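User: Hi! Could you walk me through this model before I get back to the bench?
Analyst: Happy to; here it is.

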Amino acid sequence: MDNDSVYDVQSGQAQADALADKQYQVERDRIRHRRQQLKVDLEKDPSDPPSMIWGLALSGGGIRSATFGLGVLQAMARAKAPKSRTIDSGDGTCKYLLPHIDYLSTVSGGGYIGAFYCSLFQGGRLRPYLGLSGQANDPTVVQAAVNAFDVLRFEPPGRIHSNVHYDISGNLHVGDAPTAWLRENGRYLTPSGSGDLFYGIALAVRNWLSVHFVIGMPILFILAAMNVLLMYIKYYMPQTFLGEQLPELVMSLWLLPVSILLFRVLPLGLAFWLFYSTKSVETDSSRIINWAYAICLSVVISLSLVVSYFYGYLPRNLLSTFVLAIPVMIMAMLYGIWISKQPAVERRTVRDFRVNVTRRLAKSINFMLGVVFLVSAFELSHALYQWASTSPWLSLTPAVVLAGIVWLTRAVARLFDERSKKTSLLNLPLPYLAMPLGIAMLSLTLLSWGTLLHWMLAVECCWICSFANLWDAWILLGVVAPLVVITGIFIGFLNLSSLQALYSARLTRAYLGASNGFRFKWSDDRKTREEKLSVSEALPGDDLSLEDYYSCNSLAPLHLINVTVNLTADMTGQLVQRDRKGLPLCIAPGSYCHGKSDTFSYSFIMDGVPRTRVKKTGNFSEVDQPLTLGHWIATSGAAFSTGLGRTTSLGASLVCGLANVRLGTWWPANFEEDDKPESQKNTRKDPWLARYLPTPYYLLKEFTAQFHGLRSEYQYLSDGGHFENTGVYELLRPGRRLELIVLCDCGADPEYRFEDMANLIRLARLDLKLEIEADTGYLQDSRFRSLQRVIGVYEDFLTGTAIKNDKNSSKMADDQCSLLFNVFDRDSDPRRLVCLLLVIKPNIITRLSDDVQFYSVTHPSFPNEPTIDQFFNESQFESYRQLGLNIGQLLFGSEGPKNSGPGGKKQKTYEAILWAYLNKRIKKIRKGAKY
């Protein structure tokens, strides 16, 4: 790398660091403003930067994580803050723990409840018509914050009744309606039972047929073009060659792959040997042709021809082979010369030439195999149509079999997402199972459209033509071509045809609808009240724009929403991290705008670097329109789709795509490209096919797991857990300066292997230069030793989960429900403690109410039931919420009679000992801080 390149890299890194520092400063300004408004500010001088920054992370895990997280949030809303954080604020806000949480980072299911919690802070949203005193509401941000904390202190969630005046605060607690709404809508995907079930089925069938129609038009066009080519071959191909009758195979479409083999694959294979080095492969120019090799091979061919001509020792078909060898050799030399003259970053050497010619050979082989696949589908579909010509219904066989496989795939979709134990058959690696299934589904798709083509060729489709001759075949091609264009230009189809629209709509109404006061406003008309209290009805105010959600008029904790930008291929090179196959994208609060319209209230942070997004103007497709909060939360929870981050594979993408099990979102980042010259900024990146036929192009990329990240006009976003599932990764960035992070780790972990924690530790070490290690210092001091009853290590959970394969044998054995970790700066000498990480892990503890204990006995997989189960009934919802509440109270305590356990007995809590130990460790962090 020359000096200019080194300077560009250093300059780019310095610019990225400056942008990150600016973003972190914006976040600190918001924290300081929030603390001052809530009167929990710990700084004596208002101009001082905020210290003692704390964060809460809610991990992925679907509705299981959301419901458990709700219980923990309720416990933290009632728990007293440690004395080190308490000041005399007058209104008592600061005496509770939850207002002291400055950051909230969520992934997937954690985002459901996280968005609900933060939406409560929107002024005038929860009770837009009546205030706490029954008078006209004063939608101040402080009152909204007080209401938000009061909502989480309300317990237990009741039921929704259409005859209750929820908007009269003098009669009901402010938290009654929101918490009851959450409990009522545990089955958020099918809230109204069979009616919603059939609605979902109708939508899935419609979208599946639509997707196959859109991808079928290009397939039909290609097959029709192959039919035209076949007619040209039959009409104009010579019947003999060198006096020999050509085989029937050559007189068919198999001539295509044979030609590619002879004039592309074989020449590239020979070209590798035509260039050699006389001194060094690292310095010699690649234009040194191995003339000796070429001459020797030519002499051998010539002598063979002479012998075969004069003596007849060789048959004529072998003579034909030698004749073909001459143009193959010429093509090899031409390919070699052409490749050697291609532009390169540096001078093309022999070694570089050999790498490039081998890479082109690999691409040519892939192309040839693709052509073989298409020709096979064309010929097989023709044979299938002839076999089924006696009965037209038999022609539908491929489509019927495909539909059956799709139904089976959707029925067993949970196998691709869970970590629970399977039978011996299902223990096979899923990517290897998905690959043959995906190829089978693709073959059936091609056969279905090929059979339709041959039916059109054989049957008089209209009074104009029967497509039986060459001219009519061209007419058929001309009929299909406009359909390809019409279906290919509507790029909004990408997101509308997936399940994301239904998923985000149901999530929005179930979780953000709980804070929408318009739903609970009393109406004298009973029918109107019932419609507004039905989750099946979409009402104004359910969803929020990011501008409103992150506005300056909200005292919510700084909510970081984490998604994954899938990246498996690079159109310009190989700059892809093959193991990760994705980059983290974080939506965070942006500039503290003070009413300015030219700045965003939110920021997009791509792999740790804030990016400036260019606003689009004028009319544009739906896919280019801004995504709402509900859509972002649903995208953060798009666990099962064609793009799966680090677990993405061709087979899984094929299966999910052809079955239309797609939850991800195509999204135009439109980020400014500061590292490019002004003339090249924001120029189109996609090839010409994507410009004129974007829909089939991006569907093809999605189905074949070819995601180009920012190298493409549109990015494929999926579950944030596809990169990092705990939500802690963004909170650990040194610029945010967090001292304490509380994590609710609710990912699918039935055997307590802590895979998500292992991934976090690995990413923190590689990306953030941080070491995360278990803290067992409390065992060394008698004052804190009792914490071992609630804080364990990996082995405690592993051995306590399964004893002799009997999971129930260890239920209610102890109260261990958390782990404690130290986060060290790896580069400091000696290592400096920078943060504490308290991990709350769902686990059965001794102090549970009788109903939760009974549920755990009748449901052995509790509290790690499958994430694919998104249909929580009343007992399931209450068991997870109560478990989160009980664990939160065990760790952080609670006030009043709520601290009593089953039977009304006073239960011991550990908050005093826990905070004493944490404060001791936090003092060490501050002692070594270099702010």
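The chat below goes through the model topic by topic.

User: What kind of model is this, and how are residues numbered?
Analyst: It is a predicted model, in which local features need pLDDT of at least 70, side-chain atom pairs count only at pLDDT 80 or more, and totals for chains, interfaces and linings use all residues. Residues are numbered from 1 along each chain as its sequence is written, and side-chain values use heavy atoms, with hydrogens and water left out.

User: What is the mean pLDDT?
Analyst: The mean is 81, and 76% of the residues reach 70 or more. pLDDT is the predictor's confidence in each residue, from 0 to 100.

User: Where does pLDDT stay under 50?
Analyst: Two such stretches are residues 1–7, for which the model has 2 contacts beyond four places in sequence, and residues 594–598, also with 2 such contacts. Contact means heavy atoms within 4.5 Å. Where pLDDT is low, the predicted coordinates should not be read in detail.

User: Good to know. How many helices and strands are there?
Analyst: There are 27 helices and 14 strands. These are DSSP runs numbered from the N terminus: helices are H or I with at least four residues, strands are E with at least two.

User: And how much of the protein is buried?
Analyst: Buried residues make up 52% of the 931 residues. Buried means under 20% relative accessible area, exposed over 50%, and partly exposed in between, using a 1.4 Å probe and protein chains only. Among contacts with a separation of 6 or more, 75% are between residues 24 or more positions apart.

User: Why is helix 5 largely enclosed?
Analyst: Helix 5 covers residues 176–184, and 8 of its 9 residues are buried, so the rest of the structure largely encloses it. The buried ones are Asp 176, Ala 177, Pro 178, Thr 179, Ala 180, Trp 181, Leu 182 and Arg 183.

User: What covers them?
Analyst: The cover includes helix 2 (62–78), helix 3 (109–119), helix 4 (141–153), helix 15 (500–512), helix 16 (526–532) and helix 26 (874–892).

User: Is Arg 64 buried or exposed?
Analyst: Arg 64, which lies in helix 2, has 3% relative accessibility and therefore counts as buried. Beyond four places in sequence, its contacts include Cys 746, Gly 747, Pro 863, Glu 865, Phe 872 and Tyr 880.

User: Pro 863 – anything odd about its backbone?
Analyst: A cis peptide bond joins Phe 862 and Pro 863, with omega about 10 degrees. Pro 863 sits in the loop between helix 25 (850–858) and helix 26. Another cis bond runs from Glu 155 to Pro 156, with omega near 5 degrees, and Pro 156 is in the loop between helix 4 and helix 5.

User: Which non-glycine residues have a positive phi?
Analyst: Ser 108 is one of them, at about 50 degrees; Ser 108 is in the loop between strand 2 (103–107) and helix 3. Phe 754 is another, at about 55 degrees, and Phe 754 lies in the loop between strand 11 (738–744) and helix 23 (755–768). Ser 108 counts as buried at 5% relative accessibility, and Phe 754 does at 2%.

User: What about Gly 109?
Analyst: Gly 109 is in helix 3 and is buried at 0% relative accessibility. Gly 109 and Gly 637 are 528 residues apart in sequence but 6.1 Å apart in space, C-alpha to C-alpha.

User: Now the cores. Which residues touch the most other members of the largest one?
Analyst: Leu 585, Trp 632 and Phe 892 do, in a nonpolar core of 118 residues. Helix 2 gives the largest share of this core, 8 residues. A second, separate core of 35 residues includes Leu 558, Phe 754, Phe 821 and Val 823. A nonpolar core is a set of buried Ala, Val, Leu, Ile, Met, Phe, Trp, Tyr and Cys residues joined through side-chain atoms within 4.5 Å.

User: Last one: how many cavities of 30 Å³ or more are there?
Analyst: There are 9, and the largest has a volume of about 150 Å³. A cavity is a set of points on a 1 Å grid over the protein atoms alone where a 1.4 Å probe fits but cannot get out, and lining residues have an atom within 4 Å of a point. Points are joined across faces, edges and corners, and volume is the space filled by probe spheres set on them.

User: What lines the largest cavity?
Analyst: It is lined by 16 residues, with Arg 30, Ser 551, Ser 554, Ala 556 and Pro 557 nearest its centre. Helix 1 gives the most, with 3 residues.

Terms used. On a 1 Å grid over the protein atoms alone, a cavity is a set of points where a 1.4 Å probe fits but cannot get out, and a pocket is an open set with protein on both sides within 12 Å along at least five of seven lines; lining residues have an atom within 4 Å of a point.
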